[in-house]
Amino acid sequence: MALVLLYNIPDEKRQKIGFAAWKLGITVRRVAPEDYSHPLGWLLGLEGFSPAEAAAEGFSEEMLVMHQLSSSQFSGFLDALRRSRVPVSLKAVATEHNVSWS
């Protein structure tokens with residue numbers, strides 16, 4: 001399932017991002033500040049990951065984490081954000097190397 005996690009995205013931007021994602025068949029999920037300490041794999045619903053026991057320090061920057069987007073979804077999503085003038089400076093793609101990171 002194509003999924004984008006949203007960190008620190010204000011409501012107005014979240015609506016625009018959600019609409020752009022919906023048009024491309026991408027699910028959007030907001031990550032609450034109290035969940036920032038959990039591994040990315042757990043937030044994505046991947047097998048073999050558990051929630052963190054200790055809270056980690058949060059951050060205040062806006063960030064998107066994309067998971068399992070096809071190449072057309074990926075480019076279409078970024079193009080839609082650009083056309084809609086929805087800037088998010090931090091963007092990442094979940095990989096086998098970073099899914100254990102919080």
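## Lys-13 and its surroundings

Let's start with Lys-13, which sits in helix α1, the run of residues 11-23. Keep in mind that this is a predicted model. A polar atom of the Lys-13 side chain comes 2.5 Å from the backbone oxygen of Pro-87. Setting aside neighbours within four places in sequence, Lys-13 touches Glu-62, Val-86 and Pro-87.

## Helix α1: one side in, one side out

The helix around Lys-13 has 13 residues. From first C-alpha to last, α1 reaches 18 Å, close to the 18 Å expected at 1.5 Å a residue. Which residues of α1 are buried? They are Lys-13, Ile-17, Ala-20 and Ala-21. Looking down the axis of α1, you find these buried residues within an arc of 95°, so they line one face of the helix. The general background is simple: an α-helix has 3.6 residues a turn, so residues three or four places apart point the same way.

Turn to the face of α1 that looks away from the buried side, and you meet the exposed residues Asp-11, Glu-12, Gln-15, Trp-22 and Lys-23. And what do the buried residues of α1 pack against? Their partners are β1, β2 (27-31), β3 and α3. After α1 comes Gly-25, with a positive phi near 75°.

## Strand β3, covered on both sides

One of those packing partners, β3, spans residues 63-67 and is mostly covered, with 5 of its 5 residues buried. In general, side chains in a regular strand alternate between the two faces of the sheet. Here, Met-63, Val-65 and His-67 point one way from β3, while Leu-64 and Met-66 point the other way. Buried or exposed, then, on each side? Both groups are buried.

## How β3 pairs up

β3 has a pairing with β1 (residues 3-7), where the two strands run antiparallel and are joined by 5 bridges. Within that pairing, Tyr-7 has Met-63 of β3 as its bridge partner.

β3 also pairs with β4 (residues 90-93), this time in the parallel sense and over 4 bridges. In this pairing, Val-65 stands opposite Ala-92 of β4. How does the chain get from β3 to β4? It crosses through helix α3 (residues 71-83), making a β-α-β crossover that is right-handed. Helix α3 came up earlier too, as one of the elements that the buried residues of α1 pack against.

Conventions: Residues are numbered from 1 along each chain as its sequence is written. This is a predicted model: local features need pLDDT of at least 70, side-chain atom pairs count only at pLDDT 80 or more; totals for chains, interfaces and linings use all residues. Side-chain values use heavy atoms; hydrogens and water are left out. Buried means under 20% relative accessible area, exposed over 50%, partly exposed in between (1.4 Å probe, protein chains only). Two strands pair if DSSP finds at least two bridges between them. A crossover is right-handed if, with the strands pointing away from the viewer, the path from the first strand over the helix to the second runs clockwise. A polar contact is a pair of N or O atoms within 3.5 Å; within protein, one must be able to donate a hydrogen and the other to accept it, and residues adjacent in sequence count only if both atoms are side-chain atoms. Contact means heavy atoms within 4.5 Å. The expected span of a helix is 1.5 Å times one less than its number of residues. The arc is that of the directions from the helix axis to the C-beta atoms.
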